[in-house]
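Let's take a walk through this protein together, starting with its charged side chains and then heading inside. Have a look at the picture first.

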Amino acid sequence: MKFPKSRLAVAAATAVMAAGSLVAVPGTAGASALKSGQTVYFIPKDTLNPYEVIADKGGKMALQAIGDKEVVSSGTADTAAAQIPSIQAAIAAKAAAIVIAGNDPSALCPSLAKAQAAGIKVVSFDSDVNCPNHMFINQANTEQIGTSEVDLLGAEIGYQGQIAILSAEATATNQNSWIKYMKQELALPKYSKMKLVSIVYGNDDPATSLTVLQGLLSAYPNLRGIISPTTVGISTAAQYLDTHKSLLKHLTLTGLGLPSQMKKYVLDGTCKEFELWNPSNLGYLAGYAAASLASGVITGKPGQTFTAGKLGGYKILPPAAGTGPSVVLGPPTVFNKANINAPSSNF
Ligand code: RAM
């Protein structure tokens with residue numbers, strides 16, 4: 001939850017000092033200053049997805065402002081197994097903190113526990129892990145993402161017809177939690193004429209996303225709508241529909257997409273609306289959270305607050321809905337023809 005900026009901005013502005021020393025910021029735990037000269041490992045779902053690259057760059061911006069170093073390390077496939085060597089590398093490098101996007105809710109816990117035993121602070125972002133003693137930097141309220149996706153599609157297809165979900169990796173914590181709320185929302189009377197017929201998994205790989213999409217379209221020729229809660233899935237589907245325009249007569253696409261990837265398809269009518277938060281700000285907030293934990297400004301307890309540079313102050317929320325202590329970046333933006341060219345959509 002965000003805090004009013006005025007009091008915090010003044011405090012942060014009066015305190016930046018040379019690298020290798022301290023950056024004073026208000027926090028409600030022990031230390032009142034961010035240590036600089038620390039190393040933070042950012043372990044995204046993979047190193048290829050443009051969304052992850054933008055998020056990691058946001059993290060780098062934050063850490064550079066503090067005088068810390070970012071190391072980005074992960075695999076090219078969205079699996080827990082591909083992330084474990086990066087956790088081991090962080091331990092070997094005596095990193096101060098790890099910021100990880102979970103490709104699986106529990107498979108990473110043993111490795112993260114080893115990192116914590118070595119004194120490394122663990123923060124998850126974008127996609128949570130169900131491991132003890134960590135803080136989750138959530139891009140937006142999880143339930144709100146699930147329900148708003150269903151309502152976006154419902155409004156476009158007149159709340160009736162067969163629909164499907166083109167998701168990411170089958171073990172992805174974030175997509176699976178959003179899908180849980182989509183199903184919950186679809187159970188409401190308002191959606192009684194909308195039928196979820198299939199969920200397919202593209203593993204956040206463009207080629208796999210295309211293959212499962214084509215399978216879906218041939219299995220369900222009367223499909224009216226697709227929700228793709230992944231920037232890789234929605235951009236792959238938009239690209240395909242853009243060259244198969246006849247499908248658009250009966251099929252509507254929405255989901256979570258990067259404006260930079262989706263602009264063309266919004267402007268040519270392939271996709272009317274989709275939503276997202278700013279992944280750079282998500283990485284930036286995670287960078288400050290990790291540095292604040294590693295500096296002792298916060299310990300990760302609900303109710304504590306910390307300052308995240310240009311984003312202002314944040315408060316740690318108590319565990320809820322299967323997520324431990326968390327910080328929420330803010331509500332997502334719905335993108336359409338009206339705002340797709342706005343400077344604020346430039347990511
Ligand atoms: C993809 C990834 C990421 C998710 C976005 C919406 O880039 O799956 O984890 O948050 O889509």
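In this predicted model, Asp242, Lys245, Lys264 and Asp268 are joined up in a network of salt bridges. Side chains of opposite charge can pair when their charged atoms come close. One link in the network runs between Lys245 and Asp242, whose closest N and O atoms are 2.7 Å apart. Another brings Lys264 together with Asp268, at 3.8 Å from N to O.

Are these residues buried or exposed? Asp242 has just 15% relative accessibility, so it counts as buried. Its partner Lys245 is partly exposed at 38%. Lys264, at 47%, is partly exposed, and Asp268 is partly exposed too, at 32%.

The whole structure has five salt bridges, so let's visit one more. Asp151 and Lys190 meet through their side chains, 2.9 Å from N to O. Asp151 sits in helix α5, while Lys190 is in the loop between α6 and β10, so this pair ties together parts that are 39 residues apart in sequence. Asp151 is partly exposed at 27%, and so is Lys190 at 46%.

Now for the inside. The largest nonpolar core has 78 residues, and Phe125, Ile137, Ile226, Trp277, Leu285 and Phe306 are the ones with the most contacts inside it. Helix α10 (residues 279-295) supplies the largest share of this core, with 10 residues. Apart from this core lies another one of 17 residues, including Tyr41 and Leu108.

Zoom in on Phe125 to finish: beyond its neighbours within four places in sequence, Phe125 is in contact with residues including Phe42, Val99, Phe136, Leu282 and Ala286.

Definitions and conventions:
Residues are numbered from 1 along each chain as its sequence is written. This is a predicted model: local features need pLDDT of at least 70, side-chain atom pairs count only at pLDDT 80 or more; totals for chains, interfaces and linings use all residues. Side-chain values use heavy atoms; hydrogens and water are left out. A nonpolar core is a set of buried Ala, Val, Leu, Ile, Met, Phe, Trp, Tyr and Cys residues joined through side-chain atoms within 4.5 Å. Buried means under 20% relative accessible area, exposed over 50%, partly exposed in between (1.4 Å probe, protein chains only). Helices (H or I, at least four residues) and strands (E, at least two) are DSSP runs, numbered from the N terminus. Contact means heavy atoms within 4.5 Å. A salt bridge is a side-chain nitrogen of Lys or Arg within 4 Å of a carboxyl oxygen of Asp or Glu.
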